[in-house]
Structures are given as structure tokens and as C-alpha cells.
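Please look through the model below together with its sequence. The paragraphs after it go from burial to the chain as a whole, then to a helix pair and two backbone details.

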Amino acid sequence: VMVVAIAAAWALMSDDGGSESTDDRETLTVQDVYGNDVTVKYPVQSVALGGTECVDVFAAAVGEGWNEYVCMMPADMDGSIAGASQSREPQKAELIYDMYPELADLPKFMDLYYAMMGSISIDSIVEASPDVVILPGATVGYYPEQKEVFEKALEDAGIAIYYIDFYNGTFSQDDVSSNLDGLGEMMGTSDRTDEIVDWYNG
């Protein structure tokens, strides 16, 4: 569905403070819905979902086991943190958290519509340490100045951004493909996303 980029390997100190270990995963570059080159560590191990629509798209693109990759869930789905607008999809939140109760205990990704109006802190995102953040492009795009600051902060933290956008498009064949192709590549589920695109175009 979108294309994401991550290019830095992280050096982490071991518990004894002595030796240094590195993430030796390869990198993979895909393109998101806007044609941005997105470089991710591959295989992707952790994903932060930045909006309620991102949950649907990611789950569809990955299929069974999608929940095992998620390290942050969107606050706007259930309005669960201070500063979040009221729940946009309470029924979906109830269904998902009933089916996958472990997701309810994950850190919540800020309500972007609310957060982009003021100053943004990415501390909670950095702490969750996702390989990639999947973001709703239409929401972030409402605030171009904040968008630039937000993207720069995530880039400096070594966190890739993959945009999806089913809001501004026409739901044409190209729209569906441009949202899903990059996701399928980086998650290793291209066969599945190709089937979705083919079904939609059928």
C-alpha cells in the first residue's frame, strides 16, 4: 500500500556495557503511494500504525499474523489517550481488541489530526522502536509545515515512514496498487497484495 524508507543500522550496547552489537539485516527500498523511496530494514520486524485506516490496510496486506508485527496502535481508533479526539471507529476498536487483546496493551500512537495542530513529540515512537511507521498521508498533509518537522524527526531517529492514502485518490487501479505494492514488498507478502489488486481490478 505505501512505500517506506529506512536506511540506518542501529548500534546497541549489550547489558554488560561492553561489547557492541549491530543490526545486520539488509535494507530494502520500496515506494509508497506518493512515489517516495522508502528504505526499510528487511525483513521488517516491527511496525507502528499511525491512524485507524492504517490498521485496515496493514492487516489486509499482511494477512494472518499481521498483529505480531505491530508495536504501536493508533490512539484515534479508540480515543484512548489524553489529547486524542474522540474515538473515530469505536466498533472497529472493540472488534479488533476483542480478537487481538494483546494489541490493546501496546503503546498508542498519537492522534495525528490533533497532534499536528501543535508541537509534536516522537519520544513514545522512538521508545517503541518500530522499523517503519505507516501514516495516513491525507491527515499529515493537512499541516505541511508540521509534516516537514515530523518527517525530519523520524528520519533523524532512523525510523522509516510509509504513507498510504485512500482519501485523496479516485480508487482507481493505480491507486490501489500504489498503496499496496510497497507494503507487500517490505512485508514479504507481495503474492497477497497482488491478489488484492487483481481482485479489485477484476
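A residue counts as buried when its relative accessible area is under 20%, as exposed when that area is over 50%, and as partly exposed in between. The model discussed here is predicted, and the cysteines are a convenient place to apply these cut-offs. Cys 54 has a relative accessibility of 0%, so Cys 54 is buried. Cys 71 comes to 12%, which is under the 20% limit, and therefore Cys 71 is also classed as buried. As for bonds between cysteine sulfur atoms, the structure holds 0 disulfides.

The same cut-off can be applied to the whole chain. Of its 202 residues, 45% are buried. The accessible surface adds up to about 10,300 Å², and carbon and sulfur atoms contribute 48% of that area. In secondary structure, the chain has 9 helices and 9 strands. Among contacts with a separation of 6 or more, 71% link residues that are 24 or more positions apart in the chain.

One example of packing between elements is the pair formed by helix 1, residues 52–62, and helix 9, residues 190–201. Their axes lie 7 Å apart and make an angle of about 110 degrees. Angles of 65 to 115 degrees count as roughly perpendicular, and helix 1 and helix 9 are therefore placed in that class. Helix 1 makes the contact through Ala 59, Ala 60, Ala 61 and Val 62, while helix 9 supplies Arg 192, Thr 193 and Ile 196. Sorted by type, the residues of this contact are 5 nonpolar, 1 polar and 1 charged. Cys 54, with its 0% relative accessibility, falls within the residue range of helix 1.

Two backbone details remain, and both sit in loops. Most peptide bonds are trans, and most residues other than glycine have a negative phi. The bond that joins Tyr 42 and Pro 43 is instead a cis peptide bond, with omega at about 5 degrees. Where does Pro 43 lie? Pro 43 is in the loop that runs between strand 4 (37–42) and strand 5 (47–49).

The other detail concerns Ser 129, which is not a glycine and yet has a positive phi, about 55 degrees. Ser 129 is found in the loop between helix 5 (123–128) and strand 8 (132–136). Is Ser 129 buried or partly exposed? Its relative accessibility is 33%, so Ser 129 counts as partly exposed.

Note on methods. Residues are numbered from 1 along each chain as its sequence is written. This is a predicted model: local features need pLDDT of at least 70, side-chain atom pairs count only at pLDDT 80 or more; totals for chains, interfaces and linings use all residues. Side-chain values use heavy atoms; hydrogens and water are left out. Axes are lines fitted to C-alpha atoms, for helices over the stretch in contact, and angles run from 0 to 180 degrees between N-to-C directions. Helices (H or I, at least four residues) and strands (E, at least two) are DSSP runs, numbered from the N terminus. Angles under 35 degrees count as roughly parallel, over 145 as roughly antiparallel, 65 to 115 as roughly perpendicular and the rest as oblique. Contact means heavy atoms within 4.5 Å. Ala, Val, Leu, Ile, Met, Phe, Trp, Tyr, Cys and Pro count as nonpolar, Asp, Glu, Lys and Arg as charged, and the others, Gly among them, as polar. Buried means under 20% relative accessible area, exposed over 50%, partly exposed in between (1.4 Å probe, protein chains only). Accessible areas come from the Shrake-Rupley method with a 1.4 Å probe; for residues, only the protein chains shown count as cover. A disulfide is a pair of cysteine sulfur atoms within 2.5 Å.
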